[in-house]
Amino acid sequence: MKEIIQIENLKFCYVREADQISVEAVKDVSLEVEKGSFVAIIGRNGSGKSTLAKNINALLLPTGGAVYVKGFDTRDDEHLWEIRQTVGMVFQNPDNQLVSSIVEDDVAFGPENMGIPPEEIRRRVDNALKAVNMYEHRKKAPHLLSGGQKQRIAIAGVVAMMPDCIIFDEPTAMLDPKGRDEVMSIIRNLHKDGITVILITHFMEEAADADRVIIMDKGEILLNGTPVEIFSEAEKIRDLGLDVPVVVDLADRLR
């Protein structure tokens, strides 16, 4: 498989407003994401995983190093349009992504801004809503929906733009267990349909279906491998203040 994303020695610093001190949120991270793969990035709050995600989508630009999406440097304004069309992003709070008072209008917002013909927008909106099992709610107001349903609408809005890769930045953090299961089922189906998935999460169970699991701490990648390889490092994971999947914990205790 060809790499869709290449990250080379990425560094990113925030400047704290209170004292104007520079804080390094991502430290010398190098990573490649293959087209069609499913990568889960795990870490505690403040580990740098969301900052890394926003650098991939060019919402943030590197302080040092470089990020390439389909070969385009994210710092190159000339190719920002291609980068954003290639990599879509779904955030933790769906209310931050919903912009319209009608569900289907919200899903159409992205394609409309891309200048896509109305007939094609209609087809994309219908297909995206069906993909997230929300077609029957297309005429409703988003504020009347549950948290899980709102997140599915936010996902449909990104799917309608037909990106090659979707970054999910803790999409289930604000949902109840039923909503979490629904959203994770949709993510798995999107991956089966060929979309490259990057899932940012702190739930180990959500990473079980990924091809590769990356664990970050203090802006650095500490572990990088298949789920089997990563979950075999149960003690290291616990030392980082993270939980391991229940099945892995049980197997570790039995050993």
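## A residue and its neighbours

Which residues does Leu 145 touch, not counting residues up to four places away in sequence? In this predicted model, Leu 145 touches Val 103, Met 134, His 137, Lys 140, Lys 150 and Ile 153. You can find Leu 145 in the loop between α4 and α5. Its relative accessibility is 9%, so Leu 145 counts as buried, the cut-off being under 20%.

Take one of those neighbours, Val 103, and compare the chain with the space around it. Along the sequence, Leu 145 and Val 103 are 42 residues apart, and from C-alpha to C-alpha they are 9.7 Å apart.

## Helix α5, wrapped by its surroundings

Follow the chain onward to helix α5, which covers residues 147-159. A little arithmetic can be tried here: at 1.5 Å a residue, the 13 residues of α5 should span 18 Å. The C-alpha atoms at its ends are indeed 18 Å apart, so the expectation and the model agree.

How many of the 13 residues of α5 are buried? The count is 12, so the helix is largely enclosed by the rest of the structure. Among them are Gly 148, Ile 153, Ala 154 and Val 159, along with charged residues such as Lys 150 and Arg 152. The cover over the buried residues of α5 includes two strands, β6 (87-90) and β7 (165-169), and three helices, α3 (103-113), α4 (118-131) and α6 (177-192).

## Charged partners of α5

Now look at the charges. Side chains of opposite charge can pair when their charged atoms come close. The structure holds 17 salt bridges, and α5 takes part in some of them, as the next two pairs show.

Lys 150 forms a salt bridge with Asp 95, and their closest N and O atoms are 3.1 Å apart. This pair links distant parts of the chain, since Lys 150 is in helix α5 and Asp 95 is in the loop between β6 and α3, 55 residues apart. Lys 150 is buried, with a relative accessible area of 14%, whereas Asp 95 is partly exposed at 43%.

The other pair is Glu 182 with Arg 152, where the closest N and O atoms are 3.3 Å apart. Glu 182 lies in helix α6 and Arg 152 in helix α5, so the salt bridge ties together parts that are 30 residues apart in sequence. Here Arg 152 counts as buried, at 9% relative accessibility, while Glu 182 is partly exposed, with a relative accessible area of 22%.

## Helices α3 and α1

Helix α3 is part of the cover over α5, and its own buried residues pack against α4 and α5. Those buried residues are Val 103, Glu 104, Asp 106, Val 107, Ala 108, Gly 110 and Pro 111. Glu 104 also belongs to a network of salt bridges that links it with Arg 122, Asp 126 and Lys 139. After α3 comes Gly 115, which has a positive phi, near 75 degrees.

Helix α1 (residues 49-56) is mostly covered too, with six of its eight residues buried. Including Leu 52, Ala 53 and Ile 56, the buried set also holds Lys 49, Thr 51 and Asn 55. Just after this helix, Ala 58 takes a positive phi of about 65 degrees.

## Strands side by side

Strand β4 (residues 64-69) has a partner in strand β1 (residues 3-15), and the two pair in the antiparallel sense over five bridges. In one of the matched positions, Ile 5 has Val 69 of β4 as its bridge partner.

Strand β4 is also joined to strand β5 (residues 72-73), by two bridges, and these two strands run antiparallel. Val 69 appears again here, standing opposite Phe 72 in β5. With two residues between them, β4 and β5 form a hairpin, and Lys 70 in the turn has a positive phi of about 55 degrees. The side chain of Asp 73 meets that of Arg 75 in a salt bridge (3.3 Å, N to O), and Arg 75 is partly exposed, with a relative accessible area of 40%.

## A nonpolar patch on the surface

Which residues make a nonpolar surface patch of about 230 Å²? The patch is made by Tyr 14, Ile 21 and Val 23. Val 23 lies in strand β2 (residues 22-34) and is partly exposed, with a relative accessible area of 33%.

Conventions. Residues numbered from 1 in each chain as written. Predicted model: local features only at pLDDT ≥ 70, side-chain atom pairs only at ≥ 80, totals over all residues. Heavy atoms only, no water. Helix = DSSP H or I, 4+ residues; strand = E, 2+ residues; numbered from the N terminus. Expected span 1.5 Å × (residues − 1). Buried < 20%, exposed > 50% of the residue type's maximum accessible area, 1.4 Å probe, protein only. Contact = heavy atoms within 4.5 Å. Pairing = 2+ DSSP bridges. Patch = residues over 30% accessible without salt bridge, like charges linked within 9 Å, V, L, I, M, F, W, Y side chains within 5 Å. Areas by Shrake-Rupley, 256 points an atom, 1.4 Å probe, with all protein chains shown as cover. Salt bridge = Lys/Arg side-chain N within 4 Å of Asp/Glu carboxyl O.
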